[in-house]
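This report looks at how two helices pack and then at the nonpolar residues around them. Please keep the structure in view while reading.

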Amino acid sequence: MAPIYYYQIPYFEQYKIQKDRPWPWLDEREKVRRAFWDLSARSIKITAINLGMILPVMSTAKVFWIDEMLGTVNPRAFDTSDEHWPSPVENARNIILLAILHEFGFYVTHRMSHAYPALYRYHKVHHEYKINTTLAAQHNHPVDHVLSIGGPALLAVSLVNPHSVSVFQWTIYTMMGNLDDHVGYAFPWSPVRWFPFSAGTDEHEFHHSKNMGCFGSKLSIFNSLFGGYDCYLEKKLE
């Protein structure tokens with residue numbers, strides 16, 4: 001994304017979500033530009049901690065401790081034999097279940113993080129971005145990362161208990177969706193938005209800019225069922 005951000009190519013800029021606000025690194029105010037670069041440097045450090053330390057620890061705990069505790073050990077999870085390799089139907093079913101369960105877990109924990117000050121003190125780190133770039137994707141306080149990112153993922157994988165190849169494909173989809181949520185552009189060709197009930201990138205951008213509503217991520221299901229779209233739809237009608 002760096003070349004697209006840097007060169008301001010008109011073809012891509014037509015899909016910029018917050019067209020009424022300049023990118024912070026182009027803002028005429030020096031303090032805004034300096035604050036953006038300081039925030040970007042912090043994001044790189046936070047992302048390194050979350051993906052380089054917390055994610056491996058949680059993944060290891062899932063395989064060697066949580067599965068034993070919950071009785072969800074899947075002896076064929078890493079078996080590559082034809083007998084235990086998931087069929088296309090089984091694979092698709094499990095990826096869909098993982099996506100729905102993870103989305104539900106994220107919606108609940110995200111909404112809780114806005115409702116309870118004790119949780120928002122950690123979640124507010126993510127909201128330091130009012131205009132998103134891809135650096136915002138993993139800009140979470142470690143506590144918030146465990147609660148609203150890693151926690152729902154572990155819950156989904158433990159409940160579905162799929163083959164590791166299904167987990168791998170779903171993880172790629174989830175990571176792409178997270179980047180797409182924070183890219184700052186609503187690209188119509190984004191593959192994570194091709195599926196039924198997918199949520200638009202502008203929804204999460206609205207959430208960052210207004211700090212309200214649109215508590216889901218890649219799917220619109222739970223915002224529609226349990227609330228989260230009222231203020232977003234009112235803004236779109238203005």
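## How two helices cross

In this predicted model, helix H4, spanning residues 88-115, and helix H7, spanning residues 164-181, have axes that come within 9 Å of each other and cross at roughly 45°. That angle is why H4 is described as oblique to H7, and the crossing in which H4 passes H7 is right-handed.

On the side of H4, the contact is made by Asn91, Asn94, Ile95, Leu98, Ala99 and His102, while H7 contributes Val165, Ser166, Val167, Gln169, Trp170, Tyr173 and Thr174. Sorted by character, the residues of this contact between H4 and H7 comprise 7 nonpolar and 6 polar ones, with no charged residue among them.

## The largest nonpolar core

In soluble globular proteins, nonpolar side chains tend to be buried together. Here the largest nonpolar core has 12 residues in all, namely Ile95, Leu98, Ala99, Ala153, Ala156, Val157, Val160, Val167, Trp170, Tyr173, Val192 and Leu219. At least two residues of this core come from each of H4, H7 and helix H6, which covers 142-160, and H6 gives the most, with 4 residues.

One member of this core, Ala153, is in contact with His102 and Trp170 when its neighbours within four places in sequence are left aside.

## A separate core

Apart from this largest core lies another one, which is made up of 10 residues and includes Trp25, Phe36, Tyr185 and Phe187.

Note on methods:
Residues numbered from 1 in each chain as written. Predicted model: local features only at pLDDT ≥ 70, side-chain atom pairs only at ≥ 80, totals over all residues. Heavy atoms only, no water. Axes fitted to C-alpha atoms, helices over the stretch in contact; angles between N-to-C directions. Parallel < 35°, antiparallel > 145°, perpendicular 65-115°, else oblique. Left-handed = near helix turned anticlockwise from the far one by under 90°. Contact = heavy atoms within 4.5 Å. Nonpolar A, V, L, I, M, F, W, Y, C, P; charged D, E, K, R; others polar. Core = buried A, V, L, I, M, F, W, Y, C linked by side-chain atoms within 4.5 Å. Buried < 20%, exposed > 50% of the residue type's maximum accessible area, 1.4 Å probe, protein only.
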